[in-house]
Amino acid sequence: MWALDKKKPFSFLLARWRGLVQACAALLTNLHLPNFLTGTLYRGAGKTVCVPGLNCYSCPGAAGACPGAAGACPIGSFQAVVGSSKFSFSYYITGILILLGVLLGRFICGFLCPFGWFQELLHKIPTKKLSTKRLKPLTYLKYVILVVMVFLLPVLVVNEAGMGDPFFCKYLCPQGVLEGAIPLSLVNSSIRAALGKLFSWKLCVLITVVVLSVIFYRPFCKWLCPLGAFYALFNRVSLLSMHVDESKCVSCGKCARTCPMDVDVTKTPNHSECIRCGKCVTACPTEAVRFRYAFGSGGACSKLSQKPIIEENKGE
């Protein structure tokens, strides 16, 4: 039998089941799983729609695209437009990114990004972990990558036909190798034979991110991801935010100590580095921290935080 438990807020439930949400998001983003075994690419109508997280498929003809990707990567799609010979500002893709940023902010990083989830799984490998608090200046690097590699270089560095390369996707993003080049090369001999220096370089990038992810929490998200940098710009104004009830807070510091993104939610609840992972919600002993979905940064708690949890009543 299932019964309502009014002791815990919905925010606690959402944070506790985040891993399941991440797994479902990764599955839905890469819905065509048989293509990984056959080495073929999905080219359906879904490719015209951008998925919210970093998931390789910059354009339908990309050789290193993810075989099972159900939608287009927003960063890859944006670069495909700005790097085209007939450049025009991509209102469609930019509009989608702004809409997602306003609605969710970096909640997308914490709950819906497949590569973010991949890094978290790696971080669960039992070994010594290192803090990134002393490496905070590196968090600004992702903004430089967003401006330079995603926008400026594809526009300014062009070939004789007037086309620019998708610099971030081509030279830095490890997701293309993980989801595309590796699975495709394993089952397709022609692709395997065509792999060269660029693949070797991208493989080195991927291996570096994998190793760092075991030691540090989400190093790619913190330091290199331009998509996270874009969503971070909207964290302070997004409808989904973090809210701290000052009347309940006892200043124990557990939320700050447990935050893997080095954010003190009691001081800056909507810091640009906060990925809304909810670890502060589950760590708070007085339930002072919660998710809030509303305009503005104050006021009454959201409906999200007031919904009851449905859990199994073992006594029935």
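Colleague: Which elements do the buried residues of helix H7 pack against?

Modeller: In this predicted model, the buried residues of H7 pack against helix H2 (18-29), H6, helix H10 (175-187), H12 and H13.

Colleague: And why is helix H7 (residues 114-123) described as largely enclosed?

Modeller: A residue is called buried when its relative accessible area is under 20%. In H7, 7 of the 10 residues are buried, so the helix is largely enclosed by the rest of the structure. The buried ones are Pro-114, Phe-115, Gly-116, Gln-119, Glu-120, Leu-122 and His-123. Glu-120 also belongs to a network of salt bridges with Arg-18 and Arg-218.

Colleague: What makes Glu-273 and Lys-142 a salt bridge?

Modeller: The cut-off is a nitrogen of Lys or Arg within 4 Å of a carboxyl oxygen of Asp or Glu. The closest N and O atoms of Glu-273 and Lys-142 are 2.7 Å apart, so the pair fits the rule. This pair links distant parts of the chain, 131 residues apart: Glu-273 is in the loop between helix H15 (254-258) and helix H16 (279-283), and Lys-142 is in helix H8. Both Glu-273 and Lys-142 are buried.

Colleague: How do you know that Asp-262 and Lys-222 form a salt bridge?

Modeller: Their N to O distance is 3.8 Å, and the limit is 4 Å, so this pair counts too. Asp-262 lies in the loop between H15 and H16 and Lys-222 in helix H13 (residues 219-223), so the pair ties together parts that are 40 residues apart in sequence. Asp-262 and Lys-222 are both buried.

Colleague: Why are Asp-165 and Lys-170 called partly exposed?

Modeller: Partly exposed covers the range between the buried limit of 20% and the exposed limit of 50%. Asp-165 has a relative accessible area of 29%, and Lys-170 has 28%, so each falls in that range. Their side chains meet in a salt bridge with an N to O distance of 3.3 Å. By the salt-bridge rule, the count for the model comes to 7.

Colleague: Now the cysteines. Why is there no disulfide between Cys-173 and Cys-169?

Modeller: A disulfide needs two cysteine sulfur atoms within 2.5 Å. The closest cysteine sulfur to that of Cys-173 is in Cys-169, at 5.8 Å, which is too far for a bond. The disulfide count for the model is 0.

Colleague: What makes Cys-173 buried and Cys-24 partly exposed?

Modeller: Cys-173 has a relative accessible area of 7%, and under 20% means buried. Cys-24 has 41%, which lies between 20% and 50%, so it is partly exposed.

Colleague: Which residues have the most contacts inside the largest nonpolar core?

Modeller: They are Leu-54, Phe-168, Phe-220, Leu-227 and Tyr-231, in a core of 38 residues. Among the elements that give two or more residues to this core are helix H5 (91-104), H8, helix H9 (167-171) and helix H14 (226-232). Leaving aside neighbours within four places in sequence, Phe-168 is in contact with residues including Leu-54, Ile-145, Met-149, Cys-173 and Phe-220. Apart from this core lies another, of 16 residues, among them Leu-14, Ala-15, Phe-111 and Cys-255.

Colleague: How do you know that Arg-106 is buried?

Modeller: Its relative accessibility is 0%, and the limit for buried is under 20%, so the label fits. Arg-106 is found in the loop between H5 and H6. Beyond its neighbours within four places in sequence, Arg-106 is in contact with residues including Lys-142, Tyr-231, Asn-235 and Glu-273.

Colleague: Let's turn to the surface. Why is Leu-156 called exposed?

Modeller: Leu-156 has a relative accessible area of 64%, and exposed means over 50%. Leu-156 is found in helix H8 (residues 141-156). Leu-156 is also one of the residues making a nonpolar surface patch of about 700 Å², along with others including Leu-138, Val-148 and Phe-151.

Colleague: What makes the phi of Ser-251 worth a remark?

Modeller: Most residues other than glycine have a negative phi. Ser-251 is not a glycine, yet its phi is positive, about 55°. Ser-251 is found in the loop between strand E2 (240-244) and H15, and at 66% relative accessibility it counts as exposed. Glu-287 has a positive phi too, of about 60°. Glu-287 sits in the loop between H16 and strand E3 (289-293) and, at 26% relative accessibility, counts as partly exposed.

Notes:
Residues numbered from 1 in each chain as written. Predicted model: local features only at pLDDT ≥ 70, side-chain atom pairs only at ≥ 80, totals over all residues. Heavy atoms only, no water. Patch = residues over 30% accessible without salt bridge, like charges linked within 9 Å, V, L, I, M, F, W, Y side chains within 5 Å. Areas by Shrake-Rupley, 256 points an atom, 1.4 Å probe, with all protein chains shown as cover. Helix = DSSP H or I, 4+ residues; strand = E, 2+ residues; numbered from the N terminus. Buried < 20%, exposed > 50% of the residue type's maximum accessible area, 1.4 Å probe, protein only. Core = buried A, V, L, I, M, F, W, Y, C linked by side-chain atoms within 4.5 Å. Contact = heavy atoms within 4.5 Å.
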